[in-house]
Amino acid sequence: MRRTPAPVPLAARPRPRWTATVLAVLALLAGTALTVPGAATAAPAAWTPKPAPMTTPWTNQVPVDTPLPEYPRPQLTRPEWANLNGVWDFAVTAANAGRPAAFPEQIRVPFVAESALSGIQRRITQNDKLWYKRTFTVPAGWDGRRVQLHFGASDWRTTVWVNDRQAGATHDGGFDSFSYDVTGLLNRGGANTLVVSVWDPTQNGTQAVGKQRLNDVTPHPGGGIFYTAASGIWQTVWLEPTSAAHITRLDMVPDLTNSRLKVTVRGAGTSGHQARVTVSSGGTIVGTATGPVGTEFTVPVPNAHRWTPDDPFLYDVRADLLSGSTTVDTVGSYTGMRTVGLARVDGVLRPVLNGQFVFQTGTLDQGYWPDGIYTAPTDAALRFDLQKHKDLGFNMVRKHIKVEPQRWFYWADRLGLLVWQDMPSMERTPDAAARAQWEAEYDRVIDQHRSSPALVMWVNQNEGWGQYDQARIADEVKAYDPSRLVDNMSGVNCCGAVDGGNGDVVDHHVYVGPGTTVPSATRAAVLGEFGGLGFRVAGHEWYPGGGFSYEDQPGLAHLNDRFVGLLDGIREVRVPRGLSASVYTEITDVENEANGLLTYDRQVVKVDEARVRAANRALIDASRSPAAPVTLPTGQYKSLRVTTPGHTDRSVRHQDGAVFTAVVTGGSDALLRNDATWRIVPGLADGTCYSFESRNYPGEYLRHRAYRVYKEGGSGDLFRADATFCPVRGANGGVRLSAYNFPGQYLRHYDAELWLATPGGAHAWDSPALFAEDTTWAVEAPWAP
């Protein structure tokens, strides 16, 4: 028989002095659970999770009654709090029904009802309403203070009652945190009943939904790039005592130019109060200042230790709320001193960190879990994906169509990963009410994460999904947070997207890529998505045999060669021509998407970590002093000689329309010498690259078509692109000729024929043996002047 959880008192700690507060804050930032004894209701023996479709290393490490015990808000910490995560009573009713008379099931909060870790694991639709219930008591030690009830996030329309009275207004939003002052609703010293209802229409509504879709909750074929819905409470629920006048937010913006931190302390009930902010390092105060609540003031930070991905140094921050000379509230926080902007570097518009261009190489991180769906099973799991980015040499992550808990941002801040944060998209073009809701939620998301040093760019919309008012929104986001870059549309070249024409970057999606994105006079060039190389690992598939990718790889060796080849192509070809960032799809498989560098269960790293790390490191290091593009003499006739040992007497020649290599000497007949002579001209598709015109067939050029290389004439964009090659440095003074429209694919001789060859490709002409040698050419005097 199911037991109703009995109310358990929430013990309290004495109010700490400053020293104790510092220790508590350090413990909070280290991830130590500071929930007070008995904070979570003990779970009935009858409750068990459902079997997860895939087991992560953390699936079986989730405590039944105290899941996610870590302090949930690392940039605004207090030492006293009570975690309400655990097993709650649960019911599902019709969407228009009132509170049920009975709660016949139980759910483990904060895992969504569709997940195995919740213990429910079933499909929730727009016709359903979720109901949660639990009891608690407030400790005597909190007497005389206000009690705040916090929700990290709940998807989507959430209403809260305490002791049968509604706590504030219903909250609409799936990705932002919200709170209620429930002091006036409490039974002090007795049991309190907390009831929560949530309605989530998923893609049938007009709200921000991201990639959630009403699919089966257990593995099934299909799904494409959309995944299982996540309905209801999905982040930590917790209580916190505060004074009547208390701090609600710290907005911190580093100002390296003037060696200071700009701070706005926001609060409730703070009329006539002042705020004092202290910045310290290792217990030593480096600066302090006092100013009015709600108004920006500055704290000196002399000789600031700058935050970078290679050195993610964090300062400790303390904010005191003052009533006259009395401190009425104290919170702990942290900051990283860094700046973000755009600047011209060697004439190219680039994003800069602390005034320096560093290529941003990252992955698309969608934040899905096979056991918890939207909620990582543990804090260690949440950290793992970010740490794996670091292990693989990435310095950036694009959080795609989802907003993570604040602890995720803390780990990004602490580990040193630049973050591009998407605002989750709507399913369809919104009406006026949906636009107002989406923009209001976006503002709240910005407010809640605006002090994270890792976060460097807001991505407003993606591939035209639910698109509208692109230019206006970009301008408004930039005005609302001028300290970061803004991407008005990721994938402006894709899927019917409309480019607002503004923002800080022009962002293309190219599968497999890396494409030819170039900067404009006002925007840096970034590759918001590319890659999608797939490999299914037996025993680690969500639906065995159901995985798909943008380009399946026949084996792990091919996957490694292909992926590293893409990174090398970006470094060699695209960075010198203005590309400043790239986002690989993706860090892990997600349900039936098999594009991950890791499997969906995080059990297998598919790629060679050391090799990928070295390729990323080379890419980042090269960007610190970008090499100028290799130049060739235009308007001159030249020959292209093979540099592969044993074949250096061969040159590129055409014959019957196709292109080969042949032994050519000064004694060769005139026809052969003419066929092996090419005039170098500015690239037909891009004047910074080159095309190679036949000497004896003017108007016909080296051109790749279906990988094979021909001598052909033609017109149109495709022909011009196919006939354009971008040189990069090869060994011993040679050059490698990369296809303009397929950067990272190179002109190669194979069995005397010329092909467009792909590192890691599956064709015979992609063979890794002598790949670098076969794709390196000596540009020499012409055989037929």
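Me: What makes Lys399 and Trp458 contacts of glutamine 421?

Reply: Contact here takes heavy atoms within 4.5 Å. In this predicted model, glutamine 421 is in contact with Lys399, Lys402, Val403, Phe409, Leu455, Met457, Trp458 and Val459, once its neighbours within four places in sequence are left aside. As for its own place, glutamine 421 sits in strand E28 (residues 418-422).

Me: Is glutamine 421 buried or exposed, and how do you know?

Reply: Buried means under 20% relative accessible area. Glutamine 421 comes out at 0%, so it counts as buried.

Me: What does the side chain of glutamine 421 reach, and what makes that a polar contact?

Reply: The side chain reaches the backbone oxygen of lysine 402 at 2.7 Å. The cut-off for a pair of N or O atoms is 3.5 Å, so this pair qualifies.

Me: Moving on to helix H5: how do you know which side its buried residues are on?

Reply: The buried residues of H5 (residues 470-480) are Gln470, Ile473, Ala474 and Val477. They span an arc of only 100° around the axis, so they lie on the same side of H5. As a general point, an α-helix has 3.6 residues a turn, so residues three or four places apart point the same way.

Me: And what covers the buried residues of H5?

Reply: The cover includes helix H4 (432-449), strand E29 (455-459) and strand E30 (485-487).

Me: Why is the pair cysteine 494 and cysteine 495 called a disulfide?

Reply: The sulfur atoms are 1.9 Å apart, and the cut-off is 2.5 Å, so the pair passes.

Me: Which of cysteine 494 and cysteine 495 is buried, and which is exposed?

Reply: Cysteine 494 has 16% relative accessibility, so it falls in the buried class. Cysteine 495 has 54%, and exposed means over 50%, so that one is exposed.

Me: How do you know that cysteine 689 and cysteine 726 form a disulfide, and what is its handedness?

Reply: Their sulfur atoms are 2.0 Å apart, within the 2.5 Å limit, so they count as a disulfide. The torsion about the S-S bond is about 90°, so the disulfide is right-handed. This pair links distant parts of the chain, 37 residues apart: cysteine 689 is in the loop between strand E39 (678-682) and strand E40 (690-694), and cysteine 726 is in strand E43 (residues 725-729). Both cysteine 689 and cysteine 726 are buried.

Me: How many disulfides does that rule give, and what pattern do they follow?

Reply: The count comes to two disulfides. With bonded cysteines counted along the chain, the pattern is 1-2, 3-4.

Definitions and conventions. Residues numbered from 1 in each chain as written. Predicted model: local features only at pLDDT ≥ 70, side-chain atom pairs only at ≥ 80, totals over all residues. Heavy atoms only, no water. Buried < 20%, exposed > 50% of the residue type's maximum accessible area, 1.4 Å probe, protein only. Helix = DSSP H or I, 4+ residues; strand = E, 2+ residues; numbered from the N terminus. Arc of directions from axis to C-beta. Polar contact = N/O pair within 3.5 Å; in protein donor to acceptor, adjacent residues only side chain to side chain.
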